Amino acid sequence: MDYFKEFFKGVWQKNPILVLGIGMCPTLAVTTSASNAIWMTIATTFVLLGSNILVSAIRTIVPSHVRIPIFITIIASFVIIVELTLKAFQPDVYKALGIFIPLIVVNCIILGRAEEFASKNSVLSSILDALGMGLGFGLTLFILATIREVLGANKLFGYVLIPGMKPAILMILAPGAFFTLGLLLWAMNVIKSRKALFKRTE
Amino acid sequence: MKPADIVKATIIISVIGFISAFSLSFMKKITQEPIAKQEQEKKLAALALVLPGYTVQQEKTVTIDDSPFTYWIATKEENRIVKKAWAFLAEKKGYGGPVQSIVGVDESNTILGFTILSQNETPGLGARCVEVASNETFVDHFITKNLTSKEEVSWFQEQFIGLNASKPIAIHKKGDWHKEMKDELIQHNAVTAITGATITTKAVTQSIEEGIQKLHKALTLQEVQ
Amino acid sequence: MEIKILFTILISTIFINNYVLSRILGLCPYLGVSKKLDSAIGMGLAVIFVMTMASFFTFIIYKFVLIPFHIEYLRTIAFIIVIASLVQLVEMVIEKISPALYQALGIFLPLITTNCAVLGVAVLNIESGFITQEFGLLNSVVQGFGAGVGFTLALLLMAGIRERLEIAMVPENLKGLPITFITAGLMAMAFLGFSGMKIF
């Protein structure tokens with residue numbers, strides 16, 4: 001049982017957004033500022049961790065044909081816990097993330113990992129998987145958010161970077177989201193094909 | 001599917017449902033107080049902002065034109081005279097839903113303060129109505145630790161101060177507000193719209209005009225009582 | 001007056017605040033199904049149906065069950081259950097009516113449940129304050145319908161473009177998702193032109 005691999009695969013090999021191509025919705029909408037990205041990661045990872053643990057724990061007693069409604073109930077419960085907690089203790093974050101907090105329940109990453117991994121593996125592996133996925137998700141989100149916030153609002157974490165400079169507002173709006181992710185995916189492809197090229201010429 | 005399977009599935013789903021319901025009610029219980037406290041603090045902070053220098057005496061909710069209208073009565077003592085001021089909730093549908101704000105007016109219907117409580121407008125356009133021109137730079141905050149203690153105010157909301165609420169508020173399109181525009185705008189009892197978000201601006205001005213009329217009706221009702 | 005409001009809601013959900021190109025919701029199926037025009041049309045229609053019905057049922061449940069019992073915080077779980085059931089229903093209906101379409105849509109049909117746009121429009125109906133308004137239910141249903149139409153519009157446009165991208169000379173590393181996202185970004189830019197549009 002290669003624990004390190006289970007954890008790390010979520011960051012690079014099986015990065016949910018860049019490789020598996022799931023969990024895009026919150027990615028693009030929430031990366032308007034670095035702090036939003038971080039809070040969203042924390043919220044999503046919490047739900048992912050909770051659901052992976054529970055789904056893995058009950059995997060032997062859950063009948064196959066009703067597993068999806070059960071998974072959704074578990075995930076939705078954790079999302080409501082996160083909703084209430086944020087509303088009570090971090091109201092500014094709650095307001096900033098808006099409708100994307102309840103939308104965590106339909107984040108393909110969580111249901112996807114529950115279905116594909118947690119329901120077939122031990123609790124410990126599921127925990128590692130969740131943490132790894134969460135980290136991969138978070139890093140991607142953070143990179144996207146930093147690019148967008150710096151170029152689109154001339155700020156980082158809400159603090160102005162270059163005083164007096166007017167930023168490219170487009171980056172903060174929807175098109176900027178699409179462009180940034182598209183270019184990031186392109187960069188990933190370039191890295192991958194370079195690696196493949198080196199491997200072939202060895 | 002065998003009957004045994006159906007029973008097993010039902011039991012499992014029910015158990016999970018119960019556990020979920022219990023844990024959620026528990027969460028609700030422990031978060032209820034902090035949430036209520038937040039909203040109370042937010043309201044008090046907004047009132048303090050729109051009624052600078054005044055002490056809120058009373059909060060009243062009456063029905064005007066078939067809908068509830070909330071307003072606050074505040075007083076302050078100046079040169080031994082008690083001056084009155086009022087704050088009221090103004091609400092009007094903007095682009096993406098109701099834009100809610102609190103407006104503070106004094107006895108001559110001059111706007112003392114204005115703050116937007118909630119809005120659902122388009123980011124980058126209408127949502128700029130709550131945009132704060134924060135000037136604290138990254139370098140300042142983290143590196144040189146040169147912390148500016150400037151009060152962060154939204155230019156859109158600040159420009160309403162000093163206008164006469166009982167007269168129609170005109171909308172000019174002059175781009176972002178600067179202090180230099182103030183005199184001309186006050187002369188015309190106008191505000192400058194957010195570029196590309198005239199609808200949001202209009203919703204706000206209309207909510208103030210409608211709000212002040214309701215306030216006058218409510219005050220006459222109050223006197224009659 | 002009400003007609004004006006309904007018209008405004010339609011225009012704003014289809015063009016101005018398009019759910020895919022402006023609110024960035026519903027991306028997963030958007031990227032997955034927009035490869036061919038036919039499956040795009042089928043998916044679009046299914047989504048319009050689910051969104052409209054979901055808006056109807058979630059509104060009613062919120063107003064007549066969640067509010068009276070003061071359990072508004074259970075909104076997320078109640079809504080997702082309604083949506084999951086509706087999708088199950090649509091799946092069964094499509095399987096009966098058109099097995100070919102059922103095959104073509106494949107995994108993406110049950111995936112409408114996790115379509116952020118469907119849950120998104122249900123939540124947005126509540127956030128838009130329709131609950132306390134006069135024609136609240138009608139407004140919500142129209143908003144759901146409009147959101148679906150907007151989604152379908154974006155989907156069809158993307159499918160049309162992607163079919164041509166297949167035979168265009170795209171650089172190797174840009175093929176697939178990267179060029180799709182950049183295309184979506186350009187479309188989003190075009191739709192930005194609708195914002196600030198004065199309707200009445």
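Colleague: How do you know what confidence the predictor has in chain A?

Modeller: The score is pLDDT, the predictor's confidence in each residue, on a scale from 0 to 100, and chain A averages 86, with 99% of the residues scoring at least 70. Within chain A, helix H4 (residues 34–57) has the highest mean among the elements, 92, and strand E2 (residues 159–160) the lowest, 74. Chain C also averages 86, with 98% of the residues at 70 or above, and for the complex the predictor gives an ipTM of 0.86 and a pTM of 0.84. This is a predicted model, in which local features need pLDDT of at least 70 and side-chain atom pairs count only at pLDDT 80 or more, while totals for chains, interfaces and linings use all residues. Residues are numbered from 1 along each chain as its sequence is written, and chains are lettered from A and ligands numbered from 1 in the order in which they are written.

Colleague: What makes an element a helix or a strand here?

Modeller: Both are DSSP runs, numbered from the N terminus, with H or I over at least four residues for a helix and E over at least two for a strand.

Colleague: Why are H5(A) and H1(B) described with the word they are given, parallel or antiparallel?

Modeller: Helix H5 (residues 67–89) of chain A and helix H1 (residues 3–50) of chain B pack at an angle of about 5°, with their axes 9 Å apart. Each axis is a line fitted to C-alpha atoms over the stretch in contact, and the angle, from 0 to 180 degrees, is taken between N-to-C directions. Angles under 35 degrees count as roughly parallel, over 145 as roughly antiparallel, 65 to 115 as roughly perpendicular and the rest as oblique, so H5(A) and H1(B) are roughly parallel to each other.

Colleague: How do you know which residues of these two helices meet?

Modeller: Two residues are in contact if their C-beta atoms, placed from the backbone, lie within 7 Å. On H5(A) the residues that meet H1(B) include Pro69(A), Ile74(A) and Phe89(A), and those of H1(B) include Ile13(B), Met27(B) and Ile35(B). This contact has 14 nonpolar, 7 polar and 2 charged residues, where Ala, Val, Leu, Ile, Met, Phe, Trp, Tyr, Cys and Pro count as nonpolar, Asp, Glu, Lys and Arg as charged, and the others, Gly among them, as polar.

Colleague: What makes up the side of chain C that touches chain A?

Modeller: The contact takes 31 residues from chain C and 35 residues from chain A. Helix H8 (177–192) of chain C is one of those that supply at least two residues to the chain C side, and H8(C) gives the largest share, 9 residues. By class, that side has 23 nonpolar, 7 polar and 1 charged residues.

Colleague: What makes Ile24(C) and its phi worth a comment?

Modeller: Most residues other than glycine have a negative phi. Ile24(C), which is not a glycine, has a positive phi of about 50°, and Ile24(C) is found in the loop between helix H1 (2–16) and H2 of chain C.

Colleague: Why is Ile24(C) called buried or exposed, whichever applies?

Modeller: A residue is buried if 20 or more other C-beta atoms lie within 10 Å of its own, exposed if 12 or fewer, and partly exposed in between, with C-beta atoms placed from the backbone. Ile24(C) has 28 such atoms and is therefore buried.

Colleague: How do you know the class of Asn154(A), buried or exposed?

Modeller: Asn154(A) has 20 other C-beta atoms within 10 Å, so Asn154(A) is buried. Its phi is near 55°, a positive value in a residue other than glycine.
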